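Thanks, everyone. I have one model to walk through today. Let's put it on the screen.

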Amino acid sequence: MNRLKLVIPNITHKEILMDYKEEFIRNKDSMDGSAGLSTYKTFEEWYKAFNDNSNEKTVREGLVPATTYLALNESGNLIGMIDIRHRLNDNLLNFGGHIGYSVRKSERRKGYATEMLKLALEKCIELNIQEILITCDKNNIASAKTIIANGGILENEIFDANDNTMTQRYWIKLV
Ligand SMILES: CC(C)(COP(=O)(O)OP(=O)(O)OC[C@H]1O[C@@H](n2cnc3c(N)ncnc32)[C@H](O)[C@@H]1OP(=O)(O)O)[C@@H](O)C(=O)NCCC(=O)NCCS
């Protein structure tokens with residue numbers, strides 16, 4: 001029984017998205033899976049980029065098309081966000097992977113990331129992505145457990161010279 005549903009954002013979600021962003025900024029936390037919410041000043045700028053980047057014809061230079069979902073609970077509260085990149089480029093193949101996600105701090109350790117990834121894998125089937133790469137920092141135990149709980153198999157660990165960390169690369173095969 002799912003507690004969450006994945007929903008494509010629209011302008012009616014402005015308030016809950018800005019509230020989500022505030023919580024991450026307050027906690028100096030990494031806003032993964034949010035279509036770059038931290039990098040845009042206003043909701044409107046973010047929403048325009050989100051729409052552009054979801055389409056092969058309008059995706060911004062250097063990016064691949066992606067779909068971003070809000071993970072909402074039964075009351076419509078925003079628990080987490082998750083991005084699915086439709087294909088890999090060189091950088092994603094090494095470091096970023098197909099999927100990124102985050103759960104707001106106040107809702108962590110309740111199994112939500114594990115559930116969000118399970119729901120996102122169902123979306124991958126719809127997008128016809130059969131082998132899914134998910135990466136995480138070697139020190140990010142919570143993310144590694146989330147991936148492994150969804151069938152992730154570690155391929156290797158590679159050094160990321162951008163931030164001097166080891167990146168773990170996991171694959172989930174859906175077929
Ligand atoms: C990583 C993240 C999404 C996990 O979200 P979550 O909803 O707390 O994860 P879950 O509740 O589904 O927990 C998954 C597993 O990690 C464990 N876990 C969660 N937080 C943990 C922590 N701080 N330390 C150790 N283990 C932790 C859980 O106990 C669970 O393990 P179990 O299945 O053995 O019980 C969340 O911490 C987050 O948003 N972090 C910032 C962004 C980020 O790192 N995203 C991932 C980028 S690769």
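Helix 5 gives the largest share of the shell around the ligand, 6 residues. Keep in mind that this is a predicted model. Which elements give two or more residues to that shell? They are strand 4, helix 4 and helix 5.

Now the residues themselves. There are 22 around the ligand. Arg108, Ala113, Thr114, Ala142 and Lys145 come nearest. By type, the shell splits into 8 nonpolar, 8 polar and 6 charged residues.

Next, Asn140. Where is it found? Asn140 sits in the loop between strand 5, residues 131-137, and helix 5, residues 141-149. Is Asn140 buried, exposed or partly exposed? It has 17 other C-beta atoms within 10 Å, so it counts as partly exposed. Buried would take 20 or more, and exposed 12 or fewer. One distance for Asn140: its C-alpha atom is separated from that of Arg104 by 15 Å. Along the chain, Asn140 and Arg104 are 36 residues apart.

On to the core. The largest nonpolar core has 33 residues. Ala71, Ile82, Ile99 and Met116 touch the most other members. Several elements give two or more residues to this core. The helices are helix 1 (14-26), helix 2 (43-53) and helix 4 (112-126). The strands are strand 2 (66-72), strand 3 (78-85), strand 4 (99-103), strand 5 and strand 7 (165-173).

Last, take Ile82. What does it touch, leaving out residues up to four places away in sequence? Ile82 touches Leu6, Gly33, Tyr69, Ala71, Ile99, Tyr101, Met116 and Ala120. Ala71, Ile99 and Met116 are also among the residues that touch the most other core members.

Definitions and conventions: Residues are numbered from 1 along each chain as its sequence is written. This is a predicted model: local features need pLDDT of at least 70, side-chain atom pairs count only at pLDDT 80 or more; totals for chains, interfaces and linings use all residues. Helices (H or I, at least four residues) and strands (E, at least two) are DSSP runs, numbered from the N terminus. A nonpolar core is a set of buried Ala, Val, Leu, Ile, Met, Phe, Trp, Tyr and Cys residues joined through C-beta atoms within 7 Å. Two residues are in contact if their C-beta atoms, placed from the backbone, lie within 7 Å. A residue is near a molecule or strand if its C-beta atom, placed from the backbone, lies within 6 Å of it. Ala, Val, Leu, Ile, Met, Phe, Trp, Tyr, Cys and Pro count as nonpolar, Asp, Glu, Lys and Arg as charged, and the others, Gly among them, as polar.
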